[in-house]
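Hi everyone, thanks for coming. I'd like to walk you through a structure today, so please have a look at it while I talk.

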Amino acid sequence: MTHWFHRNPLKATAPVSFNLYGVASSPSANKICNDLRTTRARLLDMFTDATCTPEIMKKASDEYFSLLQGFILPLDGTTQENKLRFIQNFKWTDTLQGNIPSAQQDAVFEFVSVAFNVAIWYTKFASRLAGKENVTEDEAKDVHRSLKIAAGIFKTLKETHIPRLITPAEKGRDLEPRVIDTYIIQSQAEAQEVTIARAIELKHNVSLIAALAYETANFYQKADHTLNTLDPECSTKWKKYLQLKQHFYMAYAHCYHGQTLLAADKCGEAIRSLQEAEKYYSRAEALCKEYRQTKGPGSTAKPSEQLFFRKLGTFIKNTLEKCQRENGFIYFHKVPAEAPSLELKASYGLAEPTPFELPPLNPQCTPEVYATFDLTKGPKDDKAKAKRDEEIKPMKEPDLKPQTDTGCVLS
């Protein structure tokens, strides 16, 4: 299922030297600064390394975060702000706003920006893995797990860490509620797509599949509505993707609900439900074209070219024809004017975000070493400091090469 998911670009950042000459007045303090610089650089490399795995990403991010907390957590036995929190300037671009960065002299801003990128990486890893030929059960579990981890990171940042920022996020930037809420919901919805594919593959109860598809469609609709007040120039393409996924899964829900109704000898209602599935599927096809033609940030998914997408259209058509034949021979039910309402609630399979936990503080960051950072000396001016409106070069992301689509999300 190559190109099944829409992905916005990674955040990019300016280099950070952590050269606190004078302030870092002991060898141990200087070592912390050097380690911050090297672990940050290593983590940035991992974002664009096509061979990086979740295990490698977690190790690289934990190494950096364990040190960065030494600039955030109080280490002097008080509840006051860490004296190092505001000593270093950080610049990060946003996934929807091009190459002009946001800048804050705040270690919390650095943490939430890096963690946000880690979450984006997990969604991209899931997309690449889902794009392989003949995805195994273990790989499908990795896709599902990665999307839930991403949702958990986004959710924890929104609820716990972003509120700590002194300077609130500007409108349309990654750290403002509308954008991060959409990432949370999309990650959950895509995780549920894996569950739906698995349920179809294993021929689970049609009522469960209908309920899961309905819940997933509602997730996509909620994500789309969350972006309603965002600048159309940067959000329209993303919204089109969310809309086409909503209509696709509404088609699934009505299709499988139609089978549930037929099994309950409600053939007329089953026919009407499948007619509604046809309507949603046709709209999803139209939205796929609109999405491809819309300009905006991110990679362009090609869901209508996937066998998984096309098979649904054939399945709806064949199931509707079957119901119409049964009605003509056995039931002779009147087809209602209104489609049966989907009052469906999934009992199983709903994707909950995986809680995100920070690693323990690095053992180097002790109160004794903390005391050797002397703010009265003041760091030397960083000659590499860029102007606020200077562009930052985007990250060079690995290409996602199309592979033969078998139509089997899971095998």
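Let me begin with a term: helices here are DSSP runs of H or I with at least four residues, numbered from the N terminus. Please also keep in mind that this is a predicted model.

Let's start with the empty space inside. Searching the whole structure turns up five cavities of 30 Å³ or more. The largest cavity holds about 80 Å³ of space. Which helix gives the most to its lining? That is H5, with four residues. Helix H3 (107–130) and helix H5 (177–201) each supply at least two residues of this lining. If you want to find the spot on your screen, look for His6, Arg7, Asn8, Ile120, Thr123, Tyr183, Gln186, Ser187, Glu190 and Trp238, which line the largest cavity. By character, that lining divides into three nonpolar residues, five polar and two charged.

Now to the salt bridges. How many does the structure hold? There are 28. I've picked three to show you.

One is between the side chains of aspartate 94 and arginine 173, at 2.7 Å from N to O. This pair links distant parts of the chain, 79 residues apart: aspartate 94 sits in the loop between strand S1 (90–92) and strand S2 (102–104), and arginine 173 in the loop between helix H4 (137–161) and H5. Both aspartate 94 and arginine 173 are buried.

Another joins glutamate 139 to lysine 132, with the closest N and O atoms 2.4 Å apart. Glutamate 139 counts as buried because its relative accessibility is 15%, whereas lysine 132 is partly exposed, at 34%.

The last of my picks pairs glutamate 290 with lysine 240, where the closest N and O atoms are 2.7 Å apart. Here too the pair links distant parts of the chain, 50 residues apart, with glutamate 290 in helix H8 (residues 267–293) and lysine 240 in helix H7 (residues 232–263). Glutamate 290 is partly exposed, with a relative accessible area of 25%, while lysine 240, at 19%, counts as buried. Going back to aspartate 94 and arginine 173, salt bridges that share partners join Lys11, Asp94, Arg173 and Asp174 into one network.

Finally, the cysteines. How many disulfides does a search of the whole structure find? Zero. For cysteine 267, the nearest cysteine sulfur is that of cysteine 323, 5.1 Å away, and a disulfide needs the two sulfurs within 2.5 Å. Cysteine 267 counts as buried, because its relative accessibility is 0%. Cysteine 323 is buried as well, at 0% relative accessibility.

That's my tour; I'm happy to take questions.

Key:
Residues numbered from 1 in each chain as written. Predicted model: local features only at pLDDT ≥ 70, side-chain atom pairs only at ≥ 80, totals over all residues. Heavy atoms only, no water. Buried < 20%, exposed > 50% of the residue type's maximum accessible area, 1.4 Å probe, protein only. 1 Å grid on protein atoms, 1.4 Å probe; cavity = no way out; pocket = protein on both sides within 12 Å on 5 of 7 lines; lining within 4 Å. Points joined across faces, edges and corners; volume = space filled by probe spheres on them. Nonpolar A, V, L, I, M, F, W, Y, C, P; charged D, E, K, R; others polar. Salt bridge = Lys/Arg side-chain N within 4 Å of Asp/Glu carboxyl O.
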